[in-house]
Amino acid sequence: MKYKKDKHGNQLSVLGLGCMRFKDFAETERMILRAIDGGVNFFDTAFVYPNSEETLGEILAKNDRRRDIYISTKLPIGMCNTYEDFDKFFHQQLERLQTDYIDYYFMHNITSFAQWEKMVSLGVERWIAEKKASGEVKQAGFSFHGICSDFLKLLEVYNWDFCMIQYNYYDPQYQAGETGLKAAAAKGIPVFIMEPLLGGRLATGLPEAGVEAFARLNKDKHPAEWAFWWLWNQEEVTMTLSGMNTVEMIEANMRSAMEFRPLTEVELKAFDQVREIFRKGYKFPCTGCNYCLPCPQNINIPACLSAYNTSYAQKYYTGMAMYATTTAMLTKSVRNCNMCGKCEKVCPQNIEIRKALKRVARRMEPAPIRLGFKIGRKLMRRVMVRK
């Protein structure tokens, strides 16, 4: 494994494990232990990730591996309205993680400078200072999902230990982007990367032409590996998180990190080609984070957007098959959206979801197909009642 130093001299593996999408406990335990044994030492979770902190804490305690890694987790600032809320959530996290300190503590999902100003008005700076003084928080930083100008402001108003941004080769200027990456690094603030594979789409969702473009460089290298190498090729990137959920993914990504070498000019030009190919088919920047769920109308929003994207990036039939099996036959029609807008308020990608669902409806549920889905849902309900 390769390592880079953080602001205080700690050696961090260039590959970190994102713990948002854990599956069954046994597989997760095997995965975590293999990652630790392979040199991965940064594990990222959050208060709002379902059952993530509890699972990570139980596995580390059961196997006595807490001291072998760095834990990062996140304060749900959107749920904090008083100074006392900071401690309320933090103490729950310590209990869940079965630890008495957090190595890297994030202000989670800052989307605007005004959001940080609200936390300051509640006393968050004093609270962080107290936790650092007690040793309960070793370092403090923030994860960001807003516009670049707000990110640059945030860098100036607090002595951050680290930050996290969404960054990948698909759109290097999205949100904080390359400008934010370089600005943070110039101030000596380590930058951690989330969504390096755009919710897996740069790994398994590339159009065939994009896969072929990478294969011409090296037929044995997976598209995901190229995406990681693009990031590791930039010296300003300290660590890249990957939401790995199988031992096989762990093995492949650790091997990629160990084998990394600087990209050539020919390889860098290939990314420009793949980027353009991908943009033609990728209509919505949904990463499948599921923050928009549950929908009050029981619409599986991420599955709808994913199927829609697939219908362009691959084939219409492929996207329609996804739509039928993951959405149309299992939940309410996308046309049931009542335009409440709750999903848009929590979407880290700032997708105009209400407009997006109208586009999904037009493409994926034209009149004849809509009637077929309606009949199919009725039949499935009857089957479930009989069971």
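Helix 13 (residues 301–313) gives the largest share of the lining of the largest cavity, three residues. That's a handy way into this predicted model, which also has eight strands closing into a barrel and a second largest pocket with about 410 Å³ of space. Here's the quick tour, starting from the cavity and working out to the barrel and a few local details.

**The cavity**
- Just one cavity of 30 Å³ or more turns up in the structure, and the space inside the largest cavity comes to about 100 Å³.
- Its lining is made up of 15 residues, and nearest the centre you'll find Cys-286, Cys-289, Cys-292, Cys-347 and Ile-351.
- Sorted by class, that lining has 11 nonpolar residues and four polar ones, with no charged residues.

**The second largest pocket**
- This pocket holds about 410 Å³ of space.
- Its lining counts 15 residues, with Val-48, Gly-78, Asn-109, Tyr-291 and Val-346 the closest to the pocket's centre.
- Strand 6 and helix 15 (342–346) are the elements that each put two or more residues into this lining.
- The class split here is eight nonpolar, six polar and one charged.

**The barrel**
- Follow the strands round and the order is 3-4-5-6-7-8-9-10, eight strands in a closed barrel with parallel pairing.
- Neighbouring strands in this sheet are turned by 30° against each other on average, ignoring direction.
- For one of the pairings, look at strand 9 (residues 191–194) and strand 10 (residues 237–242): they run parallel and are joined by three bridges.
- Across that pairing, Phe-192 sits opposite Met-239 of strand 10.

**Helix 3 against the strands**
- Helix 3 (residues 83–97) lies across strand 5 (70–75), strand 6 (102–110) and strand 7 (137–144).
- Relative to strand 5, the helix runs at about 145°.
- Helix 3 also carries a salt bridge of its own: the side chains of Lys-88 and Asp-85 meet at 3.5 Å, N to O.
- Those two partners are three residues apart in helix 3, or about one turn of the helix.
- Across the whole model, the salt bridge count comes to 22.

**Backbone details worth a look**
- What is the phi of Asn-109 near? It's near 60°, a positive value in a residue that isn't glycine.
- Asn-109 belongs to strand 6, and this residue is also among those closest to the centre of the second largest pocket.
- There's a cis peptide bond from Leu-293 to Pro-294, with omega near 0°.
- Where does Pro-294 lie? You'll find Pro-294 in the loop between helix 12 (265–281) and helix 13, and helix 13 is the element with the largest share of the cavity lining.

Conventions
Residues are numbered from 1 along each chain as its sequence is written. This is a predicted model: local features need pLDDT of at least 70, side-chain atom pairs count only at pLDDT 80 or more; totals for chains, interfaces and linings use all residues. Side-chain values use heavy atoms; hydrogens and water are left out. Two strands pair if DSSP finds at least two bridges between them. Helices (H or I, at least four residues) and strands (E, at least two) are DSSP runs, numbered from the N terminus. Axes are lines fitted to C-alpha atoms, for helices over the stretch in contact, and angles run from 0 to 180 degrees between N-to-C directions. Contact means heavy atoms within 4.5 Å. On a 1 Å grid over the protein atoms alone, a cavity is a set of points where a 1.4 Å probe fits but cannot get out, and a pocket is an open set with protein on both sides within 12 Å along at least five of seven lines; lining residues have an atom within 4 Å of a point. Grid points are joined across faces, edges and corners, and a volume is the space filled by probe spheres set on the points. Ala, Val, Leu, Ile, Met, Phe, Trp, Tyr, Cys and Pro count as nonpolar, Asp, Glu, Lys and Arg as charged, and the others, Gly among them, as polar. A salt bridge is a side-chain nitrogen of Lys or Arg within 4 Å of a carboxyl oxygen of Asp or Glu.
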